[in-house]
Amino acid sequence: MTAQRFLTGITTSGEPHLGNYVGAIRPAIAASLAPNVQSFYFLADYHSLIKIDDPARIQRSTLEIAASFLACGLDPQRVNFYRQSDVPEIAELTWLLTCVTSKGLLNRAHAYKAAVDKNAAAGMDPDADVNAGLFMYPVLMTADILMFNAHKVPVGRDQVQHVEMARDIAQRFNHLYGEHFVLPQALIEESVATLPGLDGRKMSKSYDNSIPLFAPRAQLQKLIAGVVTDSRAPGEPKDTEGSALFQIFQAFASRSETLELANAYAEGISWADAKQRLFERIDREIAPMREHYQALISDPAQIESILLEGALKARALAAPFNATLRHAVGLRKLSSVAAPAKQAKAEKSARPAFKQYRERDGKFYFKLVDARGRLLLQSSGFDSPKEAAQTMASLSAGGAAALADQAAGLTRPADVSAAELTQALQLLASPTL
Ligand code: TRP
């Protein structure tokens with residue numbers, strides 16, 4: 001069985017937080033350990049340009065996300081771990097795919113539509129503040145996936161539509177240029193929790209409610225103290241349902257630990273104690289990796305070389321595939337050029353032709369003229385059209401050989417050389433292109 005290829009990208013737009021860890025980093029590393037799986041994890045820095053125009057932030061985020069994956073146990077020897085912009089074949093593939101993508105498909109992408117709807121609601125121009133990068137986002141993502149012919153793409157729900165678009169675009173390309181691409185499938189890990197943030201909404205950079213993955217111990221404790229709770233006093237039973245604190249705990253704890261906390265809730269644990277338990281539980285998992293992270297982040301050159309090595313590995317796959325795709329669409333060396341279609345057409349129209357007619361003497365004649373109407377061969381009169389037709393047929397079929405048959409009473413004008421006439425008859429006899 002050939003290995004299934006799993007691929008996923010992480011946009012380098014900010015500092016990784018606990019939500020990224022639970023939702024993406026941890027499951028990705030677990031999946032990379034499965035047998036018969038070839039994994040591709042990359043830092044989607046081309047993508048980050050769509051929403052971030054702060055170069056230092058992109059650089060910083062790339063470093064932090066790379067260090068986080070490594071600190072959490074990703075083995076760059078085992079997987080393909082690279083930075084998207086180190087593989088320029090992806091940018092080139094984006095263009096090839098752009099040219100087979102209907103604009104209407106992109107008009108329907110959720111992220112773009114949301115921006116348009118927001119503008120419409122505000123009474124603004126539909127495309128106000130929408131850059132073309134946002135519009136093209138799904139094509140770039142498609143190139144990420146198709147470049148390595150990934151079978152499975154583990155993503156969050158919000159990305160499923162993009163993977164479906166990748167299928168559509170792959171299908172269209174295959175239809176036009178041959179079966180080059182695997183049709184990828186989104187993989188939504190149902191068991192992976194979306195982590196609530198400090199305010200109870202989904203943990204996200206844009207809600208400003210996140211807890212940095214590698215916040216120092218003291219900061220982690222302080223942030224957890226800020227997780228939203230209700231106003232129930234110590235001793236009062238608490239609801240696990242709808243408790244952000246409980247949900248975060250669950251994402252880190254075993255079943256039995258989770259049950260224990262549920263019991264403590266029922267018995268009226270104070271919010272302060274519950275927060276302390278949450279802090280200790282998270283810290284137990286994160287602390288060993290935090291040390292590793294600190295070591296990595298203080299040595300950016302080492303991370304750089306790991307990423308460059310990953311890019312070499314990725315390009316060893318991407319470059320030959322890119323060459324195949326370039327050839328498929330017609331970006332080709334001229335040395336092996338095939339007879340161009342246009343010239344073939346010109347040759348066809350330059351063919352000589354027979355013209356038949358009847359003279360006043362009642363006999364049937366024909367002449368051979370070239371494409372410009374110049375006379376190449378003149379027949380004498382035949383008694384019936386059938387005889388004329390038979391002679392024309394033998395000329396077409398036999399070409400030069402038939403010429404010798406002077407009995408047919410054919411005359412070559414003085415200004416037409418024998419070679420010219422032979423060539424014309426050969427052209428007449430050659431199959432139509
Ligand atoms: N768009 C993805 C996100 O925001 C990141 C991403 C970029 C990606 N390219 C990808 C995910 C390719 C999977 C496959 O989460």
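## A walk from the ligand to the helices

Start by selecting the ligand and H47: a nitrogen atom of the ligand lies 3.5 Å from an N or O atom in the H47 side chain. Keep in mind as you look around that this is a predicted model.

Stay with the ligand and add Y137, where an N or O atom of the side chain is 2.4 Å from a ligand nitrogen atom. Next add Q159; here the distance from a ligand nitrogen atom to a side-chain N or O atom is 3.0 Å. To see the wider setting, show the 14 residues that surround the ligand, the closest being G9, H47, Y137, D144 and Q159.

Now move along to helix α10, residues 244–252. Is this helix enclosed or open? Of its 9 residues, 7 are buried, so α10 is largely enclosed by the rest of the structure. Colour A244, L245, F246, I248, F249, A251 and F252 to pick out those buried positions. Then switch on what covers them, which includes α1 (18–32), α11 and α12.

Two of those covering helices make a good last stop. Select α11 (residues 255–266) together with α12 (residues 271–297): they pack at an angle of about 170°, and their axes are 11 Å apart. That angle makes α11 roughly antiparallel to α12. Show side chains where they touch: α11 brings E257, E260, L261, A264 and Y265, while α12 brings W271, A274, R277, R281 and R284. Which kinds of residue make up this contact of α11 with α12? Colouring by type gives 5 nonpolar and 5 charged residues, with no polar ones.

Key
Residues numbered from 1 in each chain as written. Predicted model: local features only at pLDDT ≥ 70, side-chain atom pairs only at ≥ 80, totals over all residues. Heavy atoms only, no water. Axes fitted to C-alpha atoms, helices over the stretch in contact; angles between N-to-C directions. Helix = DSSP H or I, 4+ residues; strand = E, 2+ residues; numbered from the N terminus. Parallel < 35°, antiparallel > 145°, perpendicular 65-115°, else oblique. Contact = heavy atoms within 4.5 Å. Nonpolar A, V, L, I, M, F, W, Y, C, P; charged D, E, K, R; others polar. Buried < 20%, exposed > 50% of the residue type's maximum accessible area, 1.4 Å probe, protein only. Near = heavy atom within 4 Å. Polar contact = N/O pair within 3.5 Å; in protein donor to acceptor, adjacent residues only side chain to side chain.
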